[in-house]
Protein chains: 2
Amino acid sequence: MARTRSFWGWGYDEERLTRDEIGRLAERVAPLIGAHPAYVEPPVAAELDLPAPRISAPTSIAPWCAVDDVARAGHTYGKSFRDVVRGLDRDFRGAPDVVARPPDEAGVVAVLDWASEVDAVVVPYGGGSSVVGGVEGPPDDERPVISCDLGRLDRVLEVDQTSRAARIQAGVLGPSLEDQLRVHGLTLRHYPQSFEVSSLGGWLATRSGGHFATLHTHLDEFVESIRAVTPRGEWASRRLPGSGAGPDPNRLLLGSEGILGIITEAWMRVLSRPKFRASGVARFDAFGAGAVAARALGQSGLWPSNCRLLDATEALVTGAGDGTTHLLLVAFESSDHPVDADLARATELVADHGGTLSARGHVAHDGDDEAARWRGAFLRAPYARDALVCLGLLNETFETAVTWDRFEEFVDTIRSTAHDALRDVGAAPAVVSCRLTHVYPDGAAPYFTVIAPGAPSGRLSQWAQVKGAVMAAIAEHGGTVTHHHAVGRDHRAGYDLERPALFAEQLRAAKRVVDPGGILNPGVLIDL
Amino acid sequence: MARTRSFWGWGYDEERLTRDEIGRLAERVAPLIGAHPAYVEPPVAAELDLPAPRISAPTSIAPWCAVDDVARAGHTYGKSFRDVVRGLDRDFRGAPDVVARPPDEAGVVAVLDWASEVDAVVVPYGGGSSVVGGVEGPPDDERPVISCDLGRLDRVLEVDQTSRAARIQAGVLGPSLEDQLRVHGLTLRHYPQSFEVSSLGGWLATRSGGHFATLHTHLDEFVESIRAVTPRGEWASRRLPGSGAGPDPNRLLLGSEGILGIITEAWMRVLSRPKFRASGVARFDAFGAGAVAARALGQSGLWPSNCRLLDATEALVTGAGDGTTHLLLVAFESSDHPVDADLARATELVADHGGTLSARGHVAHDGDDEAARWRGAFLRAPYARDALVCLGLLNETFETAVTWDRFEEFVDTIRSTAHDALRDVGAAPAVVSCRLTHVYPDGAAPYFTVIAPGAPSGRLSQWAQVKGAVMAAIAEHGGTVTHHHAVGRDHRAGYDLERPALFAEQLRAAKRVVDPGGILNPGVLIDL
């Protein structure tokens, strides 16, 4: 049965929390924030009343260009806290004039041609799950805006079993991609939290972080070649397993967030489906001790597929623990060979650092194990986030990465910066939890989640102050403004402090080459 | 005891083959090429008579700027076949006017300032081991040339044991780098064939391929941050274990071959020294069968540290086999845990593909095992190459990478293209051997070595024709013009066919940002 995509919040209308579930969530949250939250009703289609589009599509492409309010409202924002709040505020002022849904690459070319002709801005749109303002039009730009939705480019076009690679269209969403690969016994095995409503092209354009907690953390390493369309024509790299010929061209498009072209397809390195698994969980009294154990695993060369440390609060909030201890989740998997010996060695390493890794069992095939259940809960979390926003709360995440030498002090600093900033805007008491999403030999990626009572009519300014304070602290203390959420518009202040100044100029110059009119996602990553 | 760097050939004068060794080499080669080669005496310093430099260094930097003939001759070329032939021809017409050896980064800045002022070309020079014309001045450029030798920036400046990372100056050569890390129990474990006379900065600028035959094949993955000096000022990225903030800035400098700045230092991810090893060798009657076994290993997720397939000829020429069978060398290593189980699984996989992997024993510490002996021979091979060139032979290598679906036909095509091209230029009979240097899940990097009798006074034009034919075939059949030797000047024709056309424009634009005068290594990678 076809489901309906929400035009104001996460995912599908049919998947949202029921009124009963929201009630229970409110009960659970009340003691944490010292108040019983009140519910704001989300908008419905009939309330929409957008201004008329400023442009109309040429007849050749008009059949797949939508101008109805629901399509335009649904392409106004991504899915960040800020986006949902603006949706609840019925504020769709920034709606694109037209939502183009090209059926193929030639259609994407036609959209760019039209946009160049009428000097319109083009915002590439995959699954629309950006949480950094990556898919909304520029706020201070007079030009009309076309949201170019790649959703119809949703096929696996070719599978090369010998090289274990597949040519995949950029607009395919996670579940359909996996369905199409499964029939070949293959998987991309990329499970960002946005999996259900994010696309291959979006993952590539934002250097998405996936399932693997170590080694191949970002999707970057799985890219063989990329095809993109730009206002100056096609940009296409060659399928190669490895090369040392100049700077890697793919790496310029990876993370380019739509400013250097619209990715239409890619040859991706895919994987045989895993057959062997082993996993365990360890408890730590101190978060720092758990981090040292995670570091040992990250430096061991065992490359666990999962190596996630949840602090006690995070464990409590997500239902993984009782809030008294910090949890380290460790897992191994392989399509080729048993991984029990890896788990045994991991158990020794964790013990060396004061933890006891208890095996959680291992299963021989996909889908019916604890990891899959956790993944289900993980993927459903954004629906709960929407409910919390409807309940009037502040609910935001900050994710970053930092080297181990700075790690413990860094986490303390970011945690206290968030607490202080929330208190300063009157959003107290606040819950700030932390987990490590990815672990490297030289550092880790801490991910902070904030829940606090919001000011009824001032959540956006509260958000802006807290976000700004945390971004400044991250930059000052040696982290990155984003490990895998991307930069978009919301992380620009931190990004501008982080990237080499000359690199920003080089990026601008690279953009001028392919987009001399500056029509592609202006204001994201850089200003021209 | 200090050794003397050769100004015309590989490495150190003291390490070259003795006259007796050269005689024995000539005896071994004679039956292969059907002629007894004659010896050309290499040049000596007293023969040099270079034109006077066209510029002289300002007094502030003059103390470390050399203008003597030996220094200038020694910085005229890299160490390719073509370079050695030109050296034997006593042709040092392209010598730089000045060899600057700045003592620190401020000195590098001073060199660039001076060069900008007098409109001189600056060629960054690390160990000088380029085999692609990467360190010689532009042939059709009237400007004076300064070779900027980073050799005095040779220190490990800082070690972060917690993050297992080190801040290292770009000019340090392989052996000194490893010596400095060894006292900390660490290693970069990067062993290109040029190890003895190549530098960290050179490895970064050329995306050098190292010791690991799978997984971390290029040095790219070990880079935390880079510092470079450009005519527009400093370019410095932030130490991060991972990030998703825009296109990775490091990836623009990696492979930039000196055209986007002079790398002065980098924070590198280093490794604990390996404690556990296991290795084996399998024989195959058909090269293709060995490749299928290598593919199975490459796709297994076992990530062997060595996985090198030598064809029968390669095995014979290098002394690893008797020339009747093809050899697959497999090894595992770890600083953390025994790897015998990995070798056992590899043995099963090889058996599945018709090979028998015989264990070669494993040792508990570094330096005294077969792999180390092989490495010694491998690192000494370029000295033998020089002797072959002195003996009047053509001796060249072609290295590339291609996906598995094209692999077998591709190798046959390149092999026959090389044979045909050699025959067409009268360089017959020729020996063309092949090995796989690196293995990926989706493809492999074949490396071809050519030995043939050269025309006494026409080896350079023979070389140009053969090189051109092979490059064209590689481009046509879906390979890369270089897997790890870099592009330089010699691979430009193939590179120009391979990289996306718009990417070349973007690279030019990125160069103009940091080098508006076009003084940095002009003509390498791109033309302005």
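User: Which residues of α13(B) are buried?
Analyst: Bear in mind that this is a predicted model. Helix α13 of chain B runs over residues 459–476, and its 18 residues reach 26 Å from the first C-alpha to the last, close to the 26 Å expected. Within α13(B), the buried ones are R459(B), Q462(B), W463(B), V466(B), K467(B), V470(B), M471(B), A473(B) and I474(B).

User: How wide an arc around the axis do the buried residues of α13(B) cover?
Analyst: The buried set includes W463(B), V466(B) and V470(B). These buried residues sit on the same side of α13(B), because the arc they cover around the axis is only 160°.

User: And which exposed residues are on the face of α13(B) turned away from its buried side?
Analyst: Start from the buried side, which has M471(B) and I474(B) among its residues. Turn away from that side and you get to the exposed pair, S461(B) and E476(B).

User: What do the buried residues of α13(B) pack against?
Analyst: Look for partners in chain B itself. Residues such as A473(B) are buried, and the buried residues of the helix pack against α3 (81–88), β16 (393–399), α12 (407–424) and α14 of chain B.

User: Which residue with a positive phi follows α13(B)?
Analyst: The helix covers residues 459–476, so look just past that stretch for a phi near 90°. The residue there is G478(B).

User: Which element of chain B gives the most to the side that touches chain A?
Analyst: The contact takes 79 residues from chain B and 79 residues from chain A. On the chain B side, the elements that each supply at least two residues include β8, β18, β19, α14 and α15. With 10 residues, the one that gives the most is α15(B).

User: How many residues on that side of chain B are charged?
Analyst: Split the chain B side that touches chain A by class. There are 30 nonpolar residues and 31 polar ones, and the charged count is 18.

User: What is the bridge partner of A228(B) in β9(B)?
Analyst: β8(B) and β9(B) form a hairpin with two residues between them. They pair in the antiparallel sense over four bridges. In β9(B), A228(B) is partnered by W235(B).

User: Is L215(A) buried or exposed?
Analyst: L215(A) is in the loop between α6 (200–206) and β8 (223–230) of chain A. Its phi is near 65°, a positive value in a residue other than glycine. A residue counts as buried with 20 or more other C-beta atoms within 10 Å. L215(A) has 22 of them, so it is buried.

User: What does W303(B) count as, given its C-beta neighbours?
Analyst: W303(B) is another residue other than glycine with a positive phi, near 50°. You'll find W303(B) in the loop between α8 (287–298) and β13 (306–310) of chain B. It has 19 C-beta neighbours inside 10 Å, so W303(B) counts as partly exposed.

User: Where is P429(A), which is joined to A428(A) by a cis peptide bond?
Analyst: Omega of the A428(A) to P429(A) bond is about 0°. As for place, P429(A) lies in the loop between α12 (407–424) and β18 (431–440) of chain A.

User: How many residues of domain 2 of chain A are in contact with domain 1?
Analyst: Chain A is divided into domain 1 (164–272) and domain 2 (276–490), and 25 Å separate their centres. Domain 1 brings 18 residues to the contact, of which six are nonpolar, nine polar and three charged. On the domain 2 side, the number is 21.

Definitions and conventions: Residues are numbered from 1 along each chain as its sequence is written. Chains are lettered from A and ligands numbered from 1 in the order in which they are written. This is a predicted model: local features need pLDDT of at least 70, side-chain atom pairs count only at pLDDT 80 or more; totals for chains, interfaces and linings use all residues. Two residues are in contact if their C-beta atoms, placed from the backbone, lie within 7 Å. Ala, Val, Leu, Ile, Met, Phe, Trp, Tyr, Cys and Pro count as nonpolar, Asp, Glu, Lys and Arg as charged, and the others, Gly among them, as polar. The expected span of a helix is 1.5 Å times one less than its number of residues. A residue is buried if 20 or more other C-beta atoms lie within 10 Å of its own, exposed if 12 or fewer, and partly exposed in between; C-beta atoms are placed from the backbone. The arc is that of the directions from the helix axis to the C-beta atoms. Domain bounds come from an automatic or database domain assignment. Two strands pair if DSSP finds at least two bridges between them.
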